[in-house]
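Hi,

Here is the structure I promised to pass on. Have a look at it first, and my notes follow underneath.

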Amino acid sequence: MTHAIIEVGKLVKTFGVNPVLRGLDLDVPRGQFLTLLGPNGSGKTTLLRILAALARPTSGTVRIGGWDLPAEASQVRAQLGVVSHLPLLYDTLTATENLMFFARLYDLPAGERGDRIEAVLRRVGLWRRANDVVQTYSRGMQQRLAIARAILHDPAVLLLDEPYTGLDQDAAALLDELLREVAIAGRTVLMTTHDLRRGHALADRIAILSRGKIAFDRLTDEVEADTLPALYTDVTGTVTTR
Amino acid sequence: MSYSVQRTNVLRAITYGALALFVAAMIMNLFYVGPERTQGEVQRVFYIHLGSFLGAFLAFGATVVAGIAYLRTRNTKWDTLGVAGVEIGLGFSTITILTGMAWARPIWNTWWTWDPRLTSIAIMWLAYAAYMMLRAGIEDPERRRRFAAVYGIIAFASLLYTVIIIRLRPDTIHPVVAGPTQADPEGSFEVSGRIRDTLFFNLFTFAVITVVLVWHRVRLQNLLDRTERRKMEVLAEL
Amino acid sequence: MSASAEHTQSEAQVQAAASPRRRAMTPYLRTVGAIVWKDLRAEIRSRELINSMILFTLMTVLVFSLALELDADARQNIVAGVLWVTIVFAGILGLGRSLASEKDRGSLDALLLAPIARSALFFGKMIGNLLFVLVIAFVLLLLLTVLFNVTLFKPYLVLMVLLGSIGFTTVGTLLSSMTVHARARETLLPILLLPVVLPILISAVRASTGILDEMPSEDWMPWVQLLAIADVIFLVASYALFDFVVEE
């Protein structure tokens, strides 16, 4: 791995007295799509929150794009896009207003904001609804707008925390397509999910987190999609929900 | 984690010392010092009143220092000191308020009046009671420590301001004991040698008692934490 | 579907994403401005907060006038107290909602994900809260002038309202960003906030009463100055402490 954009070394995070991450090591090369699997409580969300500079590591090193966390959090934040199972949007604002707000927070040049917002809204297929209040959106549309928000400032790294939660079949299929495009666009993507099949189909690489460490780590080509559930059970000692 | 025998012995020694000092101070309050000229016997409660106020002040002061130190170092021992300070300080300020009321009833002919000093100690008591509520309301231990430190600091800033107001506004009927004041001397005590001796002895005693109590409270918290950790370990092994 | 058809210039931009041309942190005032703009925009559309605050204000004043059946003189004496008590309780209503809605929708995380100074986030939320409190205060001044027949629109009184509201919303914004994480947040906020803002309240009421009684200015001017000092202390303290509140 010559050009790792995410470098995590001996990462430990404890809440009170119970450790959640116990010396986790992970390198992700630029441009890779990595799916992170693992049962509830294995530390997936905690890892993502630390990478997103929302939580401080107890010990260990985290570097993203060459910048250290938590010391250079602001530089890291500028090149991250995050989609979580919550839409992270304002209900009473329209799609354009939401994106305009975040365009300002991410310091997009004033002259480019309008064009950029139009581009991402077209990209996620919401341009026709741009001036509707987010409240009126379906769950799937909200999630697409959340992706528009996450890629608005052209981040080099995308962190996706259970992006499929609460989506119906069609919305999930649409999200698949969108994520493929986003990944093709050369971004590094780190996604957590409970959906083994989907995770396998989208990713270049699959890792399984168990008891605060990476317990399994392969390129997708080396793993048959059909054997993944059995593998998952072997590694984690639990059965997936799907 | 366990304590060195030497430090435990030091703590034990000053605990007994504090006890002896307290007995001696009570004897001085009741027998050594005579009744005050204008206020009579009830004035004897004043020594405890001021002593416990000093204790509260020291304990709350420890909380602020601990809060700043915690935010800088993130060492949980400072948080433990912060809780200890607030709990001991709350106890002492309760004593200050109660003894003050007992004194005010015969002298001012009322249990309570909204004099600036009384107001400020009431605010102080409420602020630190709120500190305990905040701790009880936040579940995540790391966040609880952080918020408690922040609140301890902001509450202290507010109290400091209240004290400044009182210094600048001399419309208080409360007797002024220490510090320069432009208030009329009518309210202040005639300080005889014995009264001064007793006062300083009480202040010293209460300072020592405060240190002892805070120290014990910190140890108790450490013991609780250790028990909790052990419990988690045992549960994890099961 | 349209999503795939229309990705135009994005590919090229992705390559530029990590370019050092971009500033590490969004300029301070732009951040503050963006947050205030967003809060006002959302509030103008929903009017959820301001409506409930104004209704609460009307009811409080009604309760005060009914509970204290006052003659003209008594009204004159108590109007400053009614003014500030109502501002504080209506204000707490607004403060509690302002951050709670961010937290519950997860948008607080979205704000924290942005490359912005934490204290800019604080001042953005604080200025938004201050504007709501000032709207309430204006309504109150109008209402009390009419109902209590006391002229409240005096330059120094308006200044007092401004100073008192600044101090109150500063502490209130800091503390409400802590109480949103608590279980009983609605009760915890007033419990935490009132002892801390009581000094501000005392100064504000004393000065307001002095102004309304048309006492000579040297009687109440010290209170105005003390209040201004308190505002500065609380602004500095909140600026320094907010980072610790929002980090994890």
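Chain A splits into domain 1, covering 1–79 + 156–242, and domain 2, covering 86–154. Keep in mind that this is a predicted model. The C-alpha centres of these two domains of chain A are 25 Å apart. Where they touch, domain 1 of chain A puts in 10 residues and domain 2 of chain A puts in 8 residues. On the domain 1 side, helix H6 (residues 169–184) of chain A gives the most, with 5 residues. That side of domain 1 of chain A breaks down into 8 nonpolar, 1 polar and 1 charged residues.

Next, the contact between chains B and C: 23 residues come from chain B and 22 residues from chain C. On the chain C side, helices H8 (155–179), H9 (185–212) and H10 (217–246) each supply at least two residues. H10(C) has the largest share there, 8 residues. By class, the chain C side counts 20 nonpolar residues, with 1 polar and 1 charged.

H10(C) also meets another helix within its own chain. Its axis and that of helix H7 (residues 118–148) of chain C come within 8 Å and cross at roughly 105 degrees, so H7(C) and H10(C) are roughly perpendicular to each other. From H7(C), the contact uses Arg118(C), Ser119(C) and Phe122(C), while H10(C) brings Ser238(C), Tyr239(C), Phe242(C), Asp243(C) and Val246(C). Sorted by class, the residues of this helix contact are 4 nonpolar, 2 polar and 2 charged.

Shout if you'd like to go through any of this together.

Cheers

Key: Residues are numbered from 1 along each chain as its sequence is written. Chains are lettered from A and ligands numbered from 1 in the order in which they are written. This is a predicted model: local features need pLDDT of at least 70, side-chain atom pairs count only at pLDDT 80 or more; totals for chains, interfaces and linings use all residues. Two residues are in contact if their C-beta atoms, placed from the backbone, lie within 7 Å. Helices (H or I, at least four residues) and strands (E, at least two) are DSSP runs, numbered from the N terminus. Ala, Val, Leu, Ile, Met, Phe, Trp, Tyr, Cys and Pro count as nonpolar, Asp, Glu, Lys and Arg as charged, and the others, Gly among them, as polar. Axes are lines fitted to C-alpha atoms, for helices over the stretch in contact, and angles run from 0 to 180 degrees between N-to-C directions. Angles under 35 degrees count as roughly parallel, over 145 as roughly antiparallel, 65 to 115 as roughly perpendicular and the rest as oblique. Domain bounds come from an automatic or database domain assignment.
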